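Thanks for asking me to look this structure over with you. My notes follow as numbered points, and I hope they help you find your way around.

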Amino acid sequence: MEADHDAIPPNLAAIDASAWRELETAAASPQSGFRFLNLCSVDSEARPQARMVVLRRADGPSRVLEFHTDSRSPKWLELSANPNVTILGFSTQTRLQFRLQGMVELHAAGSDLANAAWDRLSTWTRTTYTGGPPGDECASDVIDEAVLPKPADQAEGKPHFGLLIFRARTLDWFELRRQGNRRALLTYDETGALAACRWVNP
Ligand SMILES: Cc1cc2nc3c(=O)[nH]c(=O)nc-3n(C[C@H](O)[C@H](O)[C@H](O)COP(=O)(O)O)c2cc1C
């Protein structure tokens with residue numbers, strides 16, 4: 001069903017557009033407050049889990065955010081079992097908090113999308129996927145900064161590389177202001193179109 005665009009107030013449509021522009025810019029800008037986001041999942045015992053991740057790509061029209069991770073990590077297992085995700089970020093520059101809710105798709109090594117994302121990674125980033133499974137105990141000499149790490153073969157990391165594609169269904173937008181914080185709730189339909197929005201008390 002088409003969204004009723006007449007019902008979207010222009011000021012909220014502008015806030016929505018500017019929020020997604022900010023996310024798109026953040027994916028390419030290490031300086032942006034939204035370059036590092038908190039990705040929150042739910043584990044098999046229904047406990048909330050959170051961790052920082054780098055925003056790799058954002059696409060406003062489809063409401064998509066992309067992240068990279070190691071498919072041996074606990075988060076990958078949690079998201080395989082339960083793809084419901086909250087993404088939380090705050091930018092000190094714009095004093096905005098974004099809380100997005102939606103679902104992730106997991107694209108494991110060998111899939112077309114993971115292969116394409118891997119091809120775009122720098123050699124240094126590829127080596128972060130070499131080594132043992134994340135969270136497993138590691139030998140103490142590996143931590144010793146005086147011992148130079150063995151040069152890793154970047155190709156070793158490829159089987160562990162996973163791509164997460166998050167599609168937002170809601171954005172809880174919060175602006176921190178000296179006088180009068182502002183907050184808006186924006187809802188997207190399955191195509192990514194802005195379906196509803198309203199101001200709410202902060
Ligand atoms: C600033 C920052 C950025 C990070 N970016 C990523 C990332 O893009 N992908 C990732 O898997 N882990 C990233 N990490 C590490 C995660 O926060 C986390 O510690 C690790 O992935 C293990 O998470 P898990 O045990 O919940 O699976 C980052 C950590 C920090 C501090």
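1. Let's start at the hairpin of β1 and β2, where five residues lie between the strands and Ala 46 takes a positive phi near 65 degrees. Please keep in mind throughout that this is a predicted model. The two strands of the hairpin run antiparallel and are joined by seven bridges. One of the pairs to look for is Phe 36, whose bridge partner in β2 is Val 54.

2. β1 has another partner as well: it pairs with β5 in the antiparallel sense, over three bridges. Here the bridge partner of Leu 39 is Ile 87 in β5. Five of the seven residues of β1 are buried, so this strand is largely enclosed by the rest of the structure.

3. Ser 41 is a good residue to pause on within β1, the strand that covers residues 36–42. Is Ser 41 buried or exposed? With a relative accessible area of 3%, Ser 41 is buried, because the cut-off for that word is under 20%. The side chain of Ser 41 makes a polar contact with the side chain of Arg 51, at 3.0 Å. Beyond its neighbours within four places in sequence, Ser 41 is in contact with residues including Arg 47, Pro 48 and Gln 49, and also with Glu 78, Leu 79 and Asn 84.

4. Two of those contacts, Glu 78 and Leu 79, lead us to helix α2 (residues 74–81), where they are buried along with Lys 75 and Trp 76. Seen down the axis of α2, the buried residues fall within an arc of 165 degrees, so they line one face of the helix. An α-helix has 3.6 residues a turn, so residues three or four places apart point the same way. On the other side of α2, Leu 77 and Ala 81 are exposed.

5. What do the buried residues of α2 pack against? The list is made up of strands: β1, β2 (48–54), β4 (64–70), β5 (84–91), β6 (96–107) and β7 (161–175).

6. β7 deserves a point of its own. Of its 15 residues, 12 are buried, so β7 is largely enclosed by the rest of the structure. β7 pairs with β4 in the antiparallel sense over seven bridges, and 12 bridges join β7 to β6, again antiparallel. Leu 163 of β7 is a handy landmark here: Leu 163 is the bridge partner of His 68 and also of His 107.

7. Follow the chain on from β7 and you come to strand β8 (residues 182–188), which pairs with β7 in the antiparallel sense over six bridges. Leu 171 stands opposite Leu 186 in β8. The hairpin of β7 and β8 has six residues between the strands, and Gly 180 takes a positive phi near 80 degrees there.

8. Now for the ligand. Which residues surround the ligand? They are Phe 36, Arg 51, Met 52, Val 53, Val 54, His 68, Thr 69, Ser 73, Pro 74 and Lys 75. β2, β4 and α2 each supply at least two residues of this shell, and the largest share, four residues, comes from β2.

9. Several of the residues we have already met also make polar approaches to the ligand. A polar side-chain atom of Arg 51, the partner of Ser 41, lies 2.8 Å from an oxygen atom of the ligand. A polar backbone atom of His 68 is 2.8 Å from a ligand nitrogen atom. For Lys 75, an N or O atom of the side chain is 2.7 Å from a ligand oxygen atom. Taken alone the ligand exposes 620 Å², and the protein buries 58% of that.

10. Finally, step back to the whole protein chain, which has five helices and nine strands. From the N terminus on, its elements run α-β-β-β-β-α-β-β-α-α-α-β-β-β. The C-alpha trace spans about 60 × 40 × 35 Å along its principal axes, and buried residues make up 40% of the 202 residues. Among contacts with a separation of 6 or more, 63% come from residues 24 or more positions apart. The accessible surface comes to about 11,700 Å², of which 53% belongs to carbon and sulfur atoms.

Technical notes: Residues numbered from 1 in each chain as written. Predicted model: local features only at pLDDT ≥ 70, side-chain atom pairs only at ≥ 80, totals over all residues. Heavy atoms only, no water. Buried < 20%, exposed > 50% of the residue type's maximum accessible area, 1.4 Å probe, protein only. Polar contact = N/O pair within 3.5 Å; in protein donor to acceptor, adjacent residues only side chain to side chain. Contact = heavy atoms within 4.5 Å. Arc of directions from axis to C-beta. Pairing = 2+ DSSP bridges. Areas by Shrake-Rupley, 256 points an atom, 1.4 Å probe, with all protein chains shown as cover. Near = heavy atom within 4 Å.
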